[in-house]
Amino acid sequence: MNSLSILVIATAHAALGTTGGTTGVWLEELSTPYYAFIDAGAKVTVATLNGGVIPVDPHSVSDDKSKNPATVNRFLADKAASATLTSSVRLADLNPADYAAVFIPGGHGAMWDLAGSEALGAFLTKAWKSGAVIGSVCHGPAAFSLAKNGKGEPLVSGLTVTSFSDSEETKMQLTTTVPFLLESRLRSQGAKYVKGADFTEHAVRDGRLVTGQNPMSSEKAAKLVLEAVKEAR
């Protein structure tokens, strides 16, 4: 296993339920960890379930660059990085044992495609078994839904985690739009769910599992992933 190879798995789901609105990846949750990993010397691969286009939540990017996080502007101006938004790698073509860490950014899209993917569940189960660090932020932990630990239990069972909270979803007025509430699902799978104040930075690490609560937690979550990878070497 190459200790400097990190896989980022993004949502490719663009429809915001039946609202007629669009969603996708929340770009800061992709761009901030991407550069944290790149700047630490890692080789980063960006994948989706089927490869190809990664839709970006329109609310996560502004035409006024001064309103964007610095990493978002850097990502969009970086040809190699921005190319991943149209040509992500197909998950089925990858081997989980090849990566020191797997990171899943959020965006509401993850609640649909990543949460329901048996292939992703199996991939994360194998990555965990191989000793990889698994990290995620905001709605990204929806991807853990079908992943298992070494005992065949839900991956998050008995572990301290965070994610986009039910109270944050309520404030977004999307509790009846999303297919489930993420905090509630994690709790139902036996996770020890913890949260910070709504829409403030909060990330936690429990061994090789790292989670962040919301977009503001992207940088801290990425740093905790790198910390866990360093310890695992």
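What follows is a short dialogue on reading the features of this predicted model.

Me: Let's begin with the overall make-up. How many helices and strands does the protein chain have?
Reply: Count the secondary structure elements before anything else. Here the protein chain holds 7 helices and 9 strands.

Me: And what does the radius of gyration tell me about the protein chain?
Reply: Compare it with what a compact globule of that length would give. For 233 residues that would be near 17 Å, and the protein chain has 16 Å, so the two agree. You can set the extents beside it: along its principal axes the C-alpha trace spans about 45 × 40 × 30 Å.

Me: Now the inside and the surface. What share of the residues is buried?
Reply: Buried residues account for 53% of the 233 in the protein chain. As for the outside, about 9800 Å² is exposed, with carbon and sulfur atoms supplying 52% of that area.

Me: How do I read the contacts by sequence separation?
Reply: Take the contacts between residues at least 6 apart in sequence and ask how many of them reach further. In the protein chain, 76% of these join residues at least 24 apart.

Me: What about charges: how many positive and negative side chains are there?
Reply: Look at both the counts and the centres. The protein chain carries 21 positive and 22 negative side chains, and the centres of the two sets are 6 Å apart.

Me: Which residues have the most contacts inside the largest nonpolar core?
Reply: That core has 35 residues, and the ones to click on are Leu7, Ile9, Leu124 and Leu209. Two or more residues come from each of β1 (2–9), β4 (99–104), α4 (118–129) and α6 (182–188). The top contributor is α4, which gives 5 residues.

Me: Say I zoom in on Leu124. Which residues does Leu124 touch?
Reply: Skip the neighbours up to four places away in sequence, and you are left with Val102, Ile104, Ile134, Ala143, Phe144 and Ala147. There is also a second, separate core of 32 residues, which includes Phe37, Val133, Ala221 and Val225.

Me: Now a single strand residue. Is Thr45 buried or exposed?
Reply: The cut-off to keep in mind is that buried means under 20% relative accessible area. Thr45 has 14%, so Thr45 is buried. You'll find Thr45 in strand β2 (residues 43–48). Leaving out residues up to four places away in sequence, Thr45 touches Ile6, Leu7, Val8, Val89, Leu94 and Tyr99.

Me: Where should I look for backbone oddities?
Reply: Start with the sign of phi, because most residues other than glycine have a negative value. Cys138 has a positive phi, near 65 degrees, and Gln173 has a positive one near 60 degrees.

Me: Where do Cys138 and Gln173 sit?
Reply: Cys138 is in the loop between β5 (133–137) and β6 (160–161). Gln173 is in the loop between α5 (166–171) and α6. Cys138 is buried because its relative accessible area is 3%, whereas Gln173, at 69%, is exposed.

Me: One more pair. How many Å separate the C-alpha atoms of Asp64 and Val137?
Reply: Sequence separation and distance in space are two separate readings, so check both. Asp64 and Val137 are 73 residues apart along the chain, and their C-alpha atoms are separated by 25 Å. Asp64 itself lies in the loop between β2 and α2 (70–77), and at 35% relative accessibility Asp64 counts as partly exposed.

Notes: Residues are numbered from 1 along each chain as its sequence is written. This is a predicted model: local features need pLDDT of at least 70, side-chain atom pairs count only at pLDDT 80 or more; totals for chains, interfaces and linings use all residues. Side-chain values use heavy atoms; hydrogens and water are left out. Helices (H or I, at least four residues) and strands (E, at least two) are DSSP runs, numbered from the N terminus. The radius of gyration is taken over C-alpha atoms; the globule rule is 2.2 Å times the number of residues to the power 0.38. Buried means under 20% relative accessible area, exposed over 50%, partly exposed in between (1.4 Å probe, protein chains only). Contact means heavy atoms within 4.5 Å. Accessible areas come from the Shrake-Rupley method with a 1.4 Å probe; for residues, only the protein chains shown count as cover. Lys and Arg count as positive and Asp and Glu as negative; His and the chain ends are not counted. The place of a charge is taken as NZ of Lys, CZ of Arg, CG of Asp or CD of Glu. A nonpolar core is a set of buried Ala, Val, Leu, Ile, Met, Phe, Trp, Tyr and Cys residues joined through side-chain atoms within 4.5 Å.
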